[in-house]
Amino acid sequence: MLAEFQNPPSCAGTGLLMALLGVFLFRFFKKKKPGEVSPDALDFVIVGQGLAGTLLALELEKCGRKVLVVDDGWKSAASQVAAGVLNPVTGMRIVKTLGADDLVPAAKRVYAALGERFGETFFHETPFYRFYTSEHEREVKAKREKNPEYEGWLSADVPAGTLCGGGLADRLGGFFVNRAGWLDIPKLLDRAREEWRSRGVLLEENFDCAEVEVSRTGTRWRGRDVLGGIIFCEGFRVRENPWFSHLKWQPAKGEFVEIELAGTENFQGQILKSSVAAIPLGGTRWRVGTNYDRDVLDTRPTAEVAERLRRSFCAAFSPAKSAGDAKIVAHRAGVRPAVQGTLPKVGAHEKFPKLFLFNGFGSKGVTWLPLYAERFAVTLCGEKD
Ligand SMILES: Cc1cc2nc3c(=O)[nH]c(=O)nc-3n(C[C@H](O)[C@H](O)[C@H](O)COP(=O)(O)OP(=O)(O)OC[C@H]3O[C@@H](n4cnc5c(N)ncnc54)[C@H](O)[C@@H]3O)c2cc1C
């Protein structure tokens, strides 16, 4: 603070006077009567502008709250490297995501509204074609189809070699998961960032938890009152957070590649899921991923995984494409902020009710986050006064 009042050596006397004035002003503004709120008070500070922090900040602003978003622009954040797929029925057991009947319509509504607001398309509704990998899988799917809860979520079986003029290596056939698609997360985050930057409500630097003053009733940050509280949306880096790092995190590294492969234009009508998922990006370009690594938690792309993804992608076609023709044009890695158990971690700290966590969306952030952000914002706004 005093540094602002230091003068050049030529006017040392004035400098001293200004420094003393500075101390006086600093004290004057710092001293608050009990219960008094500082004039620059905020409603919420959001730490992290990944998909979680972005959607939550937008919802809080919709409720009329004064929000400051702090983000250090980490290029390997999960939201920057995610494939972005919304797939409501997943896994070997072909299971519908818990709450999908509410989550999926909410996600589509929110992404469409954001698209209108920013004049862009963020969510691309795209059929998701899943190859059968075994007869057992076909039996599991047949069982699901009989369950009324799955009505409308899965297509009838597609016979082997019939889709895309027989150009796919779906030797056992496959089926479509309905209501799927993919979100261009980096584009959405960029647009929100530009808007917040222009309004001066985005601080592009590291958030230092040592600058937080916290008690059982309130929160201050850099001397400013934060009336509603500080909400941590740090993704995988929550492990550096002194209040929430102890929770049972179970992060998983993942990689994807972007591939250009001539002769694949006519397959771009759907996401292809063989042993890898391939998202059509237009023309002959595909985003292909991904793997799960719970042991190595860095964000370095590895040549070995890239090669595996390339070969698996080429093998999805019939006849198989030559891996040598598939050109890798991008390769990214990141860590999913996953938790033990099935549900994300959302809520207040057990001792400090004005510190919140909004994290743990694992590999389903695109599906889960819109509804979670809406509901959490409503809860937080109700708690303001
Ligand atoms: C390879 C890969 C593929 C994936 N594919 C999919 C998919 O297809 N579908 C899907 O739904 N999900 C997918 N995911 C998961 C998805 O990315 C996450 O669920 C979601 O993006 C998590 O968002 P987040 O905001 O919680 O975290 P993050 O995206 O990690 O964002 C955290 C932000 O906080 C910032 N930050 C952290 N600490 C600080 C600090 N101290 N100061 C300032 N800023 C800070 C970081 O810079 C970052 O911007 C994938 C993830 C990976 C890694």
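These legends accompany a set of close-up views of a predicted model.

**Figure 1. The whole protein chain sets the scene for the close-ups.** Before zooming in, a few totals help with orientation. The protein chain has 8 helices and 20 strands. Of its 385 residues, 39% count as buried. Among contacts with a separation of 6 or more, 71% link residues that lie 24 or more positions apart.

**Figure 2. Strand 1 is shown with its two parallel partners, strand 13 and strand 2.** Strand 1 covers residues 42-47, and 6 of its 6 residues are buried, so the rest of the structure largely encloses this strand. Towards strand 13 (residues 224-232), the parallel pairing extends over 5 bridges. Two residue pairs can be picked out here: leucine 42 stands opposite valine 226, and phenylalanine 44 stands opposite glycine 229. Towards strand 2 (residues 67-70), strand 1 also runs parallel, with 4 bridges joining the two. Phenylalanine 44 appears in this pairing too, standing opposite valine 67 of strand 2. To get from strand 1 to strand 2, the chain passes through helix 2 (residues 51-62), making a right-handed β-α-β crossover.

**Figure 3. Strand 13 is followed to strand 12 and strand 20.** Strand 12 (residues 219-221) runs antiparallel to strand 13, and 2 bridges join them. Here tryptophan 221 of strand 12 faces arginine 224 of strand 13 as its opposite residue. The hairpin formed by these two strands has 2 residues between them, and arginine 222 takes a positive phi near 50°. Strand 20 (residues 355-359), by contrast, pairs with strand 13 in the parallel sense over 3 bridges. In that pairing, phenylalanine 232 has leucine 357 as its bridge partner.

**Figure 4. An open sheet of 7 strands has mixed pairing.** Reading across the sheet, the strand order is 8-7-15-16-17-14-18. Strand 8 (174-177) and strand 18 (327-336) stand at the edges with a single partner strand each, so one side of each has no neighbour in the sheet. From one strand to the next, the twist averages 20°. A good place to look closely is the edge formed by strand 18, where strand 14 (residues 252-260) pairs with it in the antiparallel sense over 9 bridges. One residue pair to find there is lysine 253 with its bridge partner in strand 18, valine 335. Helix 7 (residues 303-314) lies across strand 14, strand 16 (277-282), strand 17 (285-289) and strand 18. Relative to strand 14, helix 7 runs at about 55°.

**Figure 5. A smaller view takes in an open sheet of 3 strands with antiparallel pairing.** The order in this sheet is 3-9-6. Strand 3 (85-86) and strand 6 (123-125) form its edges; each has a single partner strand, so one side of each is left without a neighbour in the sheet. Strand 6 and strand 9 (residues 181-183) pair over 3 bridges in the antiparallel sense. Histidine 124 and tryptophan 182 of strand 9 stand opposite each other in this pairing. Helix 4 (residues 100-118) lies across strand 3, strand 6 and strand 9, and runs at about 125° to strand 6.

**Figure 6. Alanine 106 is seen in its place in helix 4.** This residue has 20 C-beta neighbours inside 10 Å, and therefore counts as buried. Setting aside neighbours within four places in sequence, alanine 106 is in contact with Pro370, Leu371 and Glu374. The same part of the view holds threonine 367: its C-alpha atom is separated by 8.7 Å from that of alanine 106, although the two residues are 261 residues apart along the chain.

**Figure 7. The ligand is pictured with the 43 residues that surround it.** The closest residues are Gly48, Gly50, Gly235, Gly254 and Gly365. Elements giving two or more residues to this shell are helix 2, helix 3 (78-81), strand 14, strand 18 and helix 8 (365-382). Sorted by class, the shell has 19 nonpolar, 17 polar and 7 charged residues. Some of these elements will be familiar from earlier views: helix 2 forms part of the crossover between strand 1 and strand 2, while strand 14 and strand 18 are paired in the sheet of 7 strands.

Terms used:
Residues are numbered from 1 along each chain as its sequence is written. This is a predicted model: local features need pLDDT of at least 70, side-chain atom pairs count only at pLDDT 80 or more; totals for chains, interfaces and linings use all residues. A residue is buried if 20 or more other C-beta atoms lie within 10 Å of its own, exposed if 12 or fewer, and partly exposed in between; C-beta atoms are placed from the backbone. Two strands pair if DSSP finds at least two bridges between them. A crossover is right-handed if, with the strands pointing away from the viewer, the path from the first strand over the helix to the second runs clockwise. Axes are lines fitted to C-alpha atoms, for helices over the stretch in contact, and angles run from 0 to 180 degrees between N-to-C directions. Two residues are in contact if their C-beta atoms, placed from the backbone, lie within 7 Å. A residue is near a molecule or strand if its C-beta atom, placed from the backbone, lies within 6 Å of it. Ala, Val, Leu, Ile, Met, Phe, Trp, Tyr, Cys and Pro count as nonpolar, Asp, Glu, Lys and Arg as charged, and the others, Gly among them, as polar.
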